[in-house]
Amino acid sequence: MQRPYNFSAGPAAMPAEVLEQAAAEMLNWPDAQGRLSGMGVMEMSHRGKEFLSIYEAAEADLRELLAVPANFKILFMQGGGLAENAIVPLNLSGLRAGNGQGAADFVLTGSWSEKSFKEAGKYCSNHIAASSKPDGFTAIPPTASWELRDNASYVHICSNETIHGIEFQSLPDLKALGSKAELVIDFSSHVASRPVDWSRVGLAFGGAQKNLGPAGLTLVVVREDLLGHALSICPSAFDYKTVADNGSMYNTPPTYSIYIAGLVFKWLKRQGGVAAMEARNIAKAELLYGAIDATGFYMNGVARNARSRMNVPFFLRNESLNDAFLAGAKEAGLLQLKGHKSVGGMRASIYNAIPLEGVQALVQYMQEFERTHG
Ligand SMILES: *Cc1c(COP(=O)(O)O)cnc(C)c1O
């Protein structure tokens, strides 16, 4: 059965092959040799050999896919991207100030980095190094304009702003900007869509439900020397060192979400890995932005060098046609295209699990709608 294409921003479309495999294994999980365990994955002890094999394969596959260097730890946590907005300053803000008043700088490019900035203020001195809010979050402030503080432990960016559709096409080189701070990236909504330059990153975090798997799992990739600096008020279960020392099993990890994410990692490897996904994502984004820019009927206001390959907000110039556009899309098997309430209009999230054919179907519908309503 051909399922509709689902353009949700998150929780988002999953590869059908992954859902089919999970369904087949729901009641009785088989190991790699096909030996049946007699249990579903949800029913397994997280410390048993069956689940440990699932966990270890997931971690190894992710390390390979994202080319994570050996001196970085991969942590499977819970709490989502929003909890990390607190957990990161609890762990890193004191890096350079000890347990006193730590400091962190933020570059605001959309709702998510703004949320991170506000939350960090509960735990440390937070400062806006640059912001594109005055332009309605339609661009990335040039790095030369960033006002970085000498005492900041880290600089936070959201490398893909899911709501405003803004993506860093390359990560800032803080050293070249004369900063000693670590770069923290929130890569929730474009992780595994393109390679990461780890030489520029101290810590990356992301909720799984955009591009990796189901909600409930939060991925943290952190350089080892940044562990062990948590503020004394940091909850034990959120101290990265405690989590790392216990192989992400200080408390019960989100086992089923890890299992599903592990199936997605295997699927990504079968697709050719992250470089192959990036090539496809470029082709998908070019096709969709090309259709938006082609006539005056649709529009996207983001600066071209900051347009996200993953989340594409767009507007009908005649907004009174919005409801008709969405109703027709649903009928054509194109789901969840309504824009975020804070931005309005439409948004097509075209994550890894959306094939080129899905974007082709969307573009065809957009052209047809323009012909009949233009
Ligand atoms: C979705 C999202 C979050 C929030 O994730 P939760 O899991 O809901 O806490 C944070 N940052 C970005 C960039 C996101 O897209």
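What follows is a conversation between a biologist and a modeller about a predicted model of a protein with a bound ligand.

Biologist: Which helix gives the largest share of the shell around the ligand?
Modeller: The residues around the ligand are G80, G81, L82, W112, C158, N160, T162, D186, S188, S189, Q209 and K210. By character they divide into three nonpolar, seven polar and two charged residues. The largest share, three residues, comes from the helix that spans residues 80–92, namely helix α3.

Biologist: How much of the accessible area of the ligand does the protein cover?
Modeller: Several polar atoms of the protein lie beside oxygen atoms of the ligand, including a backbone N or O atom of L82 at 2.8 Å and a polar side-chain atom of K210 at 2.5 Å. Another polar side-chain atom, that of T162, lies 2.4 Å from an oxygen atom of the ligand. Of the 380 Å² of accessible area that the ligand has on its own, the protein covers 86%.

Biologist: Which residue shares a side-chain polar contact with N85, and is N85 itself buried or exposed?
Modeller: N85 lies in helix α3, and, not counting residues up to four places away in sequence, N85 touches K115, S116, E119, A120, H156 and F205. Its relative accessible area is 6%, and because the cut-off for burial is under 20%, N85 counts as buried. The side chain of N85 is joined by a polar contact of 2.7 Å to the side chain of S116.

Biologist: How far is the sulfur of C158 from the nearest cysteine sulfur?
Modeller: A search of the whole structure finds zero disulfides, and C158 accordingly takes part in none, its nearest cysteine sulfur being that of C124. C158, one of the residues around the ligand, is buried, with a relative accessible area of 1%. The sulfur of C124 is away from that of C158 by 17 Å.

Biologist: Why is there no bond between C234 and the closest cysteine sulfur, in C124?
Modeller: C234 counts as buried at 10% relative accessibility. A disulfide requires two cysteine sulfur atoms within 2.5 Å. The sulfur of C234 is too far from the one in C124 for a bond, because the separation is 13 Å.

Biologist: Which backbone oxygen lies beside a polar atom of the side chain of S257?
Modeller: S257 is found in helix α6, which covers residues 255–270, and S257 is buried, with a relative accessible area of 10%. Leaving aside neighbours within four places in sequence, S257 is in contact with P214, A215, G216 and L217. The backbone oxygen that lies 3.1 Å from a polar atom of the S257 side chain belongs to A215.

Biologist: How far apart are the C-alpha atoms of P214 and P11?
Modeller: P214 lies in the loop between β9 (203–207) and β10 (218–223), where P214 is partly exposed, with a relative accessible area of 23%. Beyond the neighbours within four places in sequence, the contacts of P214 are M14, A208, Q209, S257, I260 and A261. Although P214 and P11 are 203 residues apart along the chain, their C-alpha atoms are separated by 6.8 Å.

Biologist: Which residue is joined to P11 by a cis peptide bond?
Modeller: P11 lies in the loop between β1 (5–6) and α1 (16–24). Most peptide bonds are trans. Here the bond is cis, with omega about -10°, and the partner of P11 is G10.

Biologist: What is the phi of A67, and is A67 buried or exposed?
Modeller: A67 lies in the loop between α2 (49–66) and β2 (72–77). Most residues other than glycine have a negative phi. A67 has a relative accessible area of 54%, and because the cut-off for exposure is over 50%, A67 counts as exposed. Although A67 is not a glycine, its phi is positive, at about 50°.

Biologist: What is the phi of S248, and is S248 buried or exposed?
Modeller: S248 lies in the loop between α5 and α6, a loop in which G247 is also found. G247 is partly exposed, with a relative accessible area of 34%, whereas S248 is buried, with a relative accessible area of 4%. S248 is not a glycine, yet its phi is positive, at about 60°.

How values were computed
Residues are numbered from 1 along each chain as its sequence is written. This is a predicted model: local features need pLDDT of at least 70, side-chain atom pairs count only at pLDDT 80 or more; totals for chains, interfaces and linings use all residues. Side-chain values use heavy atoms; hydrogens and water are left out. A residue is near a molecule or strand if one of its heavy atoms lies within 4 Å of it. A polar contact is a pair of N or O atoms within 3.5 Å; within protein, one must be able to donate a hydrogen and the other to accept it, and residues adjacent in sequence count only if both atoms are side-chain atoms. Accessible areas come from the Shrake-Rupley method with a 1.4 Å probe; for residues, only the protein chains shown count as cover. Helices (H or I, at least four residues) and strands (E, at least two) are DSSP runs, numbered from the N terminus. Ala, Val, Leu, Ile, Met, Phe, Trp, Tyr, Cys and Pro count as nonpolar, Asp, Glu, Lys and Arg as charged, and the others, Gly among them, as polar. Buried means under 20% relative accessible area, exposed over 50%, partly exposed in between (1.4 Å probe, protein chains only). Contact means heavy atoms within 4.5 Å.
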